[in-house]
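Reader: I would like a close look at a single helix in this model, taking its covered positions and its surface together. Could you walk me through it in one connected account?

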Amino acid sequence: MGDLSTMKPSLAPARIAAVVFSQTGQTCDTEDMRFLFKLIGNMVGLWLASVLVNGIDLPVSDGIPQTLLTLLVIGLVFTLLNMIVRPLLKFLTFPIYVLTLGIFALVVNALIFMLTGWMTQQIGFGLEVSGFWAALFGALVTAIVSAIIGGILDQTAN
């Protein structure tokens, strides 16, 4: 695989996790990579949502490492909620999804975003979401950015 400094820049983002796993003796399968790509996409999406959407605020940090740690924790909570709670909500609200032709998904995304804000405030990494509309637009920005970044990273991994 080689040293990270000798890799082409276009391949570096997708290969960093593989290099780390190979040097620790662990294997890295596609599910691990997909989770990592979702996490990175959600971190960037959450940051961009906090910049673009009024009513979504990240806690003030003492520098870049602290900001990255905060984004990592908030992104991890958001990613896990999307993987665990969101399918359950989709199952329970299936008739509403059918009646609204899928538009109710925006409401579910906003609720997950608000739940992320509440949970991260409970553990001390407070993502502040001021209301439903902020959560709706924040979830929309995060979903779009996460999909774009996940697609780019997934293509460079293949």
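Author: What follows is a description of helix H6, its buried positions and the surface patch to which it contributes. The model is a predicted one, and the values given here are computed from it. Helix H6 spans residues 132-157, and Gly150 has its place within it. Gly150 has a relative accessibility of 17%, and because buried means under 20%, Gly150 counts as buried. In sequence Gly150 is 109 residues away from Gly41, yet in space the two are 5.7 Å apart, taken from C-alpha to C-alpha. Ser146 also lies in helix H6, and with a relative accessibility of 13% it too falls on the buried side of that cut-off. Leaving aside residues up to four places away in sequence, Ser146 touches Lys38, Gly41 and Asn42, so that Gly41 appears both as a contact of Ser146 and as the partner in the C-alpha distance given for Gly150.

Turning to the surface, a nonpolar patch of about 1000 Å² is made by Ile103, Leu106, Leu111, Met114, Phe132, Trp133, Phe137, Leu140, Ile144, Ile148 and Ile152. Helix H6 provides the largest share of this patch, with seven residues, while helix H5, which covers 104-122, likewise supplies at least two. One of the patch residues is Leu111, which lies in helix H5 and, with a relative accessible area of 41%, is partly exposed. Helix H6 thus holds the buried residues Gly150 and Ser146, and it also contributes seven residues to the nonpolar patch.

Terms used:
Residues numbered from 1 in each chain as written. Predicted model: local features only at pLDDT ≥ 70, side-chain atom pairs only at ≥ 80, totals over all residues. Heavy atoms only, no water. Helix = DSSP H or I, 4+ residues; strand = E, 2+ residues; numbered from the N terminus. Buried < 20%, exposed > 50% of the residue type's maximum accessible area, 1.4 Å probe, protein only. Contact = heavy atoms within 4.5 Å. Patch = residues over 30% accessible without salt bridge, like charges linked within 9 Å, V, L, I, M, F, W, Y side chains within 5 Å. Areas by Shrake-Rupley, 256 points an atom, 1.4 Å probe, with all protein chains shown as cover. Salt bridge = Lys/Arg side-chain N within 4 Å of Asp/Glu carboxyl O.
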